[in-house]
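Grab a pencil and work through these short exercises on helix packing and salt bridges. Each task is followed by its solution, one step at a time.

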Amino acid sequence: MQAWLRAAGAHLVLVSICLLGAGRGAVAADDPAAEQRAFAAEVAHDGGPSEAAVLATLAGAKVQQSILDAIARPAEATKPWSEYAPIFLTDKRIDDGVAFYRANRELLERVGKEYGVAPEFVVAIIGVETSYGAITGKYRVLDALSTLAFHYPPRGKFFRGELKQLFLLGDTHLAYPIDALRGSYAGAMGWGQFMPTSIAKWAKDEDGDGRIDLWSSLPDITASIANYFADHGWQQGQPVAVRAQPAADARVLPDPGLDPVYPLQQMEAWGYAPLERVDADTLSTLLKLDGDRGPEYWLVFGNFRAITRYNKSPLYAMAVFQLAQAIARGAATP
């Protein structure tokens, strides 16, 4: 989930530079102290900790210039597919995914059945986001969210909302105290890199211990990801994407978007023949990627759109799709 946050910040780099000042270490805000007091009052008013408790916690937060630098860097999604794919579709990531699936097959298939989501896609999300839990983030979530909430004006409103939700979740819902949580530079947490609002809406206490633990509880981790997909339109047994062979006179579809609105038979009539059999009435849209051997044409469906609800980049969704396919093939091999 964190890649789209960096992507959203990247196009505002020039604005950010102006706001942050000429010096590398400069951090700008109109009045962080006043903003924090107003924020603390809002949290307390909406049922969170007291104003004094919020301010005391924020007093222990550290402004991190490295966080501001990270969110201003261009995202991987600015690369063409020919450069993006090799980042995530490596032999190691595939092999590790197969090993993870085999080691946790019973859990994954139970969760997949419960939420109606193919298990290999849950595994692929974990693989793309954190290399199966190996890289979950080095920053204190409190530092990340407070830095961006009060010292990054281009997206301050968004991150204040996430910081507020972190306080509303509180220590009783999460596995660890707020000031001990670790995550990405943008405040994304756990093996699936959930932001606080995503935890509040979609995370599951699958193991029934009364806490949501997205770092150490595989039942909580896998069920939370599956529930996210289920609530964002995933349809069990439906296709995700298929390669298409364009005819020489195929109709040009300028920026068709990612919403599947064209019946597959319409796409075929326009000159885009699927290379795998899919029901002709299935709604689809066209995705063109810059592959290492030239343009690639894909017909993508509702489940592909569901993946982009996790991360809006179509490159991300395609990486998850292809990694999931490779993991499923490997896990099925004796």
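**Exercise 1. In which hand does H3 cross H11, and which residues make the contact?**

Step 1. H3 goes past H11 in a right-handed crossing, meaning that the near helix is turned clockwise from the far one by less than a right angle (anticlockwise would be left-handed).

Step 2. On the H3 side the contact uses Glu35, Phe39, Glu42 and Val43, and on the H11 side Arg160, Leu163, Lys164, Phe167 and Leu168; contact means heavy atoms within 4.5 Å.

Step 3. Sort those residues: five are nonpolar, four are charged and none is polar.

Some ground rules: this is a predicted model, where local features need pLDDT of at least 70 and side-chain atom pairs pLDDT 80 or more, while totals for chains, interfaces and linings use all residues. Numbering runs from 1 along each chain as its sequence is written, and side-chain values use heavy atoms, with hydrogens and water left out.

**Exercise 2. Describe how H3 and H11 are oriented.**

Step 1. Two packed helices are described by the angle between their axes and the distance between the axes.

Step 2. H3 (residues 32-45) and H11 (residues 156-173) pack at about 45°, with axes 10 Å apart.

Step 3. The pair is therefore oblique; under 35 degrees would be roughly parallel, over 145 roughly antiparallel, 65 to 115 roughly perpendicular, and the rest is oblique.

**Exercise 3. Find the salt bridges within helix H8.**

Step 1. Look for a side-chain nitrogen of Lys or Arg within 4 Å of a carboxyl oxygen of Asp or Glu. The structure holds 11 such salt bridges.

Step 2. Arg105 and Glu109 pair up at 3.5 Å, N to O. Both sit in H8 (residues 105-115), four residues apart, or about one turn of the helix.

Step 3. Arg110 bridges to Glu114, with the closest N and O atoms 3.7 Å apart. These two are also in H8, four residues apart.

Step 4. Now check accessibility: Arg105 is partly exposed at 31% relative accessible area, and Glu109 is partly exposed at 36%. Arg110 is partly exposed at 41%, as is Glu114 at 45%. Buried means under 20%, exposed over 50%, and partly exposed in between (1.4 Å probe, protein chains only).

**Exercise 4. Which residues are linked to Lys164 in a network of salt bridges?**

Step 1. Glu42 and Asp46 are linked with Lys164 in that network.

Step 2. Go back to the helix contact: Glu42 of H3 and Lys164 of H11 are both among its residues.

Key. Axes fitted to C-alpha atoms, helices over the stretch in contact; angles between N-to-C directions. Nonpolar A, V, L, I, M, F, W, Y, C, P; charged D, E, K, R; others polar.
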